[in-house]
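The report below takes up the cysteines, the strand pairing, the nonpolar cores and a few individual residues in turn. Please keep the sequence and the model in view while reading.

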Amino acid sequence: MSKPNINQWFKKSKGQKATKAKSVGLRSCPQKRGVCLKVFVCSPKKPNSARRKVVKVRLSNKVTLTAYIPGQVHRLQEHSQVLVRGGRIPDLPGVKYRLVRNKLDLEGLPGRKTSRSKYGTKKLDKGC
């Protein structure tokens with residue numbers, strides 16, 4: 001048996017590459033509760049143009065982050081209780097979290113027909 005040369009040593013030492021967590025602020029939890037510190041709007045990156053509704057949240061683990069409010073209307077203000085989940089907003093730099101609708105102080109969207117599960121809307125019953 002001969003000894004391995006230097007290239008063979010390096011080839012063997014390359015292990016599995018460690019994956020980084022995308023939603024670091026949640027500390028490997030699916031959702032976390034938080035309190036709104038500031039509710040504001042910001043504009044997206046270059047090709048898009050809108051007024052995206054964003055909130056600065058302090059989580060229960062004392063981490064402060066910015067989260068996106070999905071849907072058209074909301075009644076959030078300072079000191080509102082919200083539930084934060086992961087999911088980045090591609091055209092807002094630094095916004096890696098979304099709020100969960102129809103939980104705590106963020107109510108669902110009334111009259112929503114499509115994608116109701118994302119916006120916390122119950123199914124409309126057809127009158128018999």
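In this predicted model, the sulfur of C36 lies 15 Å from the closest cysteine sulfur, which belongs to C42, and because a disulfide requires sulfur atoms within 2.5 Å, this separation is too far for a bond. The side of the chain at C36 is closed to solvent in the computed sense, for C36 is buried with a relative accessible area of 0%. Across the structure as a whole there are zero disulfides. C29 is likewise in no disulfide, and the nearest cysteine sulfur to that of C29, the one in C36, is 19 Å away. In its accessibility C29 is partly exposed, with a relative accessible area of 29%.

The strands offer a second way into the model. Strand β1, which covers residues 31-42, pairs with strand β2, residues 52-59, in the antiparallel sense, and eight bridges connect the two. Strand β2 is also joined to strand β3, residues 64-68, by five bridges, and these two strands again run antiparallel. K56 can be followed across both pairings: K56 in β2 is the bridge partner of K38, and T66 in β3 is the bridge partner of K56. Between β2 and β3 the chain forms a hairpin with four residues between the strands, and K62 in the turn has a positive phi of about 70 degrees.

Which residues touch the most other members of the largest nonpolar core? Of its 15 residues, these are V57, L65, V84 and L99. The strands β2, β3, β4 and β5 each supply at least two residues of this core, and β2 gives the most to it, with three residues. Apart from this core lies another one, of five residues, among them V54, I89, L92 and V95.

L99, found in strand β5, deserves a description of its own. At 1% relative accessibility, L99 counts as buried, because the limit for that class is under 20%. Neighbours within four places in sequence left aside, L99 is in contact with V55, V57, A67, Y68, I69, P70, L76, V82, L83, V84 and L106. One of these contacts, A67, is 32 residues from L99 along the chain, yet the C-alpha atoms of the two are separated by 6.4 Å.

Two loop residues are listed together here, since each has a positive phi although it is not a glycine.

| Residue | Phi | Location | Relative accessible area |
|---|---|---|---|
| H79 | about 75 degrees | loop between β3 and β4 (81-86) | 59%, exposed |
| N102 | about 65 degrees | loop between β5 (97-99) and α2 | 39%, partly exposed |

How do the two compare with the cut-offs for exposure? H79 is exposed because its relative accessible area of 59% is over 50%, whereas N102, at 39%, falls in the range between 20% and 50% and is therefore partly exposed.

The last residue considered is T121, whose place is in the segment after α2, the helix of residues 116-119. Is T121 buried or exposed? With a relative accessible area of 14%, T121 is buried, because this value is under 20%. Residues up to four places away in sequence not counted, T121 touches L109, G111, R112 and R116.

Key. Residues numbered from 1 in each chain as written. Predicted model: local features only at pLDDT ≥ 70, side-chain atom pairs only at ≥ 80, totals over all residues. Heavy atoms only, no water. Buried < 20%, exposed > 50% of the residue type's maximum accessible area, 1.4 Å probe, protein only. Contact = heavy atoms within 4.5 Å. Pairing = 2+ DSSP bridges. Core = buried A, V, L, I, M, F, W, Y, C linked by side-chain atoms within 4.5 Å.
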